[in-house]
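User: I am new to this structure and would like to learn how to read its side-chain contacts, step by step. Could you take me through them?

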Amino acid sequence: MTILDTDKKRLTRITTSPLLTPFLRGEVAEAGYDVQDEDHVSVQIGARLGDCMDLNLRLRTALHILWMLKRFRCPSPKALYRHAASFPWEELIPPDAYFSVSSNVDTPTIRNSMYPNLVLKDAIVDRISARAGRRPDSGPDRSRIVINLFWKGDRAWIYLNTNGRRLADRGYRKMPHQAPMQETLAAAVLIAAGYDGSAPLVNPMCGSGTLAIEAALIATGRAPGLLRANYSFMHTKLHDEERWQAARREARKQSRSQPPPPIIASDIDPRALEAARRNARTAGVEQLIQFEQCDFAQTPLPGEPGLVIMNPEYGERLGEIKTLEPIYARIGDFFKQRCAGWKGGVFTGNRELSKRIGLRVSRRVPFMNAHIECRLLEYELYEGSRGD
Ligand SMILES: C[S@@+](CC[C@H](N)C(=O)[O-])C[C@H]1O[C@@H](n2cnc3c(N)ncnc32)[C@H](O)[C@@H]1O
């Protein structure tokens, strides 16, 4: 008899990057789940393992989908070992498998999270070898079974990390170019800007194309998880290949076959365009994006208005702020002179530079990009919108 029932809903914690929770919550609710709890980097729902498969395929702003195996009071490493060793790991991890443990520890007695990793790993290996007569392998490689421990104060939670490597790694970005945006962040920025694929999207300064590629995935309703072939849950004993194939078929059915309104991506640097094109090809959306090598101000605009969104350098990691000032002023000119009737969006991490745009901001949405506070600045571009 098995103790681990895959048809039972378990508390499931879905994590994301700081400030992306509202977008993740929206996606999870749209997928039909009740959000039971949330904090600044995760939402919690009840889910079966099969639900986690569906969510791995469809969520655009999630990083990890963690299916809770056990929670307990944990005052010491001894308690961690005892509770972990009482879990039926032999029902989850085959004796010839490879697994990786990672911990997030905030408890006064432990300074180094390597130690709880080791205690949990030992408990798992000891339990399986006592029952199966063989020890699974373990190490840092997150491409097979991944187990996560959260230990806060005297409470601990152990999860099956159903995806393994973070879901932001969709697998299409073979050529990153300079300062690329994380895929989950790009998706959240587009969702924040109200992009749903019903109107054209123009992305000058496209770099490696992340915004344009995520836009093409949104516009065609394609599940980003279909781009990935490997997930942690597949390596467990609980894996149901039939259910997984059904989930993939269902996700494919949800995608729209009719081409979306135009998506145009441009950059002045031919190497950026080459990277963007290659990445779009890997993502299977190259034919949906028109690529142009030009200065941003020369980007062709379709007749029907939509969203023009750009992520200019902002001087933290690339370029000098002084040399960027005229570029930001020219973004304002471009919006004013060529984009009347469009919605403008500028994603930047430099407030002083953004003032150079010189147009009235209609909405500011805060984000974090690799520890830098950023904003999506939105502009409703009417004739004569130059203002404060
Ligand atoms: C911060 S990167 C954009 C990164 C992009 N969001 C991504 O995910 O890869 C800024 C891009 O602006 C481009 N750029 C800089 N000056 C430009 C100009 N005057 N016209 C067009 N593109 C320009 C650079 O070549 C670079 O690729």
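Analyst: Let us begin with the aromatic rings, keeping in mind that this is a predicted model. The count comes to 10 aromatic pairs.

User: How is a pair of aromatic rings described, and what does that give for Phe335 and Tyr379?

Analyst: In general, two values describe such a pair, namely the distance of the centres and the angle of the planes. For Phe335 and Tyr379 the ring centres are 5.7 Å apart and the planes stand at 55°; planes under 30 degrees apart would count as stacked and over 60 as edge-to-face, so this pair is tilted.

User: Where in the chain do Phe335 and Tyr379 lie, and are they buried or exposed?

Analyst: Phe335 belongs to helix α9 (residues 321–338), while Tyr379 belongs to strand β15 (residues 372–380), so the contact ties together parts that are 44 residues apart in sequence. Both Phe335 and Tyr379 are buried.

User: What is the geometry of the pair formed by Phe347 and Phe367, and which strands hold these residues?

Analyst: The ring centres of Phe347 and Phe367 are 5.8 Å apart with the planes at 55°, so this pair is tilted. Phe347 sits in strand β13 (residues 343–348) and Phe367 in strand β14 (residues 363–369), and the pair thereby links distant parts of the chain, 20 residues apart. Because buried means under 20% relative accessible area, Phe347 at 0% counts as buried, and Phe367 at 1% is buried as well.

User: Which residues form an aromatic cluster with Phe335 and Tyr379?

Analyst: Phe296 and Phe334 join Phe335 and Tyr379 in one aromatic cluster.

User: Which rings have an arginine lying over the face?

Analyst: Among them is the ring of Trp67, with Arg10 lying over its face at 5.2 Å from the ring centre. Another case is Tyr231, where Arg228 lies over the face of the ring at 4.7 Å from its centre.

User: Turning to charged side chains, how many salt bridges are there, and what does the one between Arg25 and Glu38 link?

Analyst: The count comes to 23 salt bridges. In one of them the side chains of Arg25 and Glu38 meet at 2.6 Å, N to O. Arg25 lies in helix α1 (residues 21–30) and Glu38 in strand β2 (residues 37–39), so the pair ties together parts that are 13 residues apart in sequence. Arg25 is partly exposed, with a relative accessible area of 35%, and Glu38 is also partly exposed, at 35%.

User: Where do Glu183 and Arg173 lie, and how buried or exposed is each?

Analyst: Glu183 and Arg173 form a salt bridge whose closest N and O atoms are 3.5 Å apart. Glu183 is in helix α5 (residues 183–192) and Arg173 is in the loop between β8 (155–161) and α5, so that this pair, 10 residues apart, links distant parts of the chain. Glu183, at 4% relative accessibility, counts as buried, whereas Arg173, at 22%, counts as partly exposed.

User: What separates Glu250 and Lys253 in helix α7?

Analyst: Glu250 and Lys253 are 3 residues apart in helix α7 (residues 241–254), and are therefore separated by about one helical turn. Their salt bridge has its closest N and O atoms 3.5 Å apart. Glu250 is partly exposed, with a relative accessible area of 36%, and Lys253 is exposed, at 64%.

User: Which residues are joined into one network by salt bridges that share partners?

Analyst: Glu90, Arg127 and Arg131 are joined in this way.

How values were computed:
Residues numbered from 1 in each chain as written. Predicted model: local features only at pLDDT ≥ 70, side-chain atom pairs only at ≥ 80, totals over all residues. Heavy atoms only, no water. Phe/Tyr/Trp six-rings, centres within 6.5 Å; stacked < 30°, edge-to-face > 60°. Helix = DSSP H or I, 4+ residues; strand = E, 2+ residues; numbered from the N terminus. Buried < 20%, exposed > 50% of the residue type's maximum accessible area, 1.4 Å probe, protein only. Lys NZ or Arg CZ within 6 Å of the ring centre and 35° of its normal. Salt bridge = Lys/Arg side-chain N within 4 Å of Asp/Glu carboxyl O.
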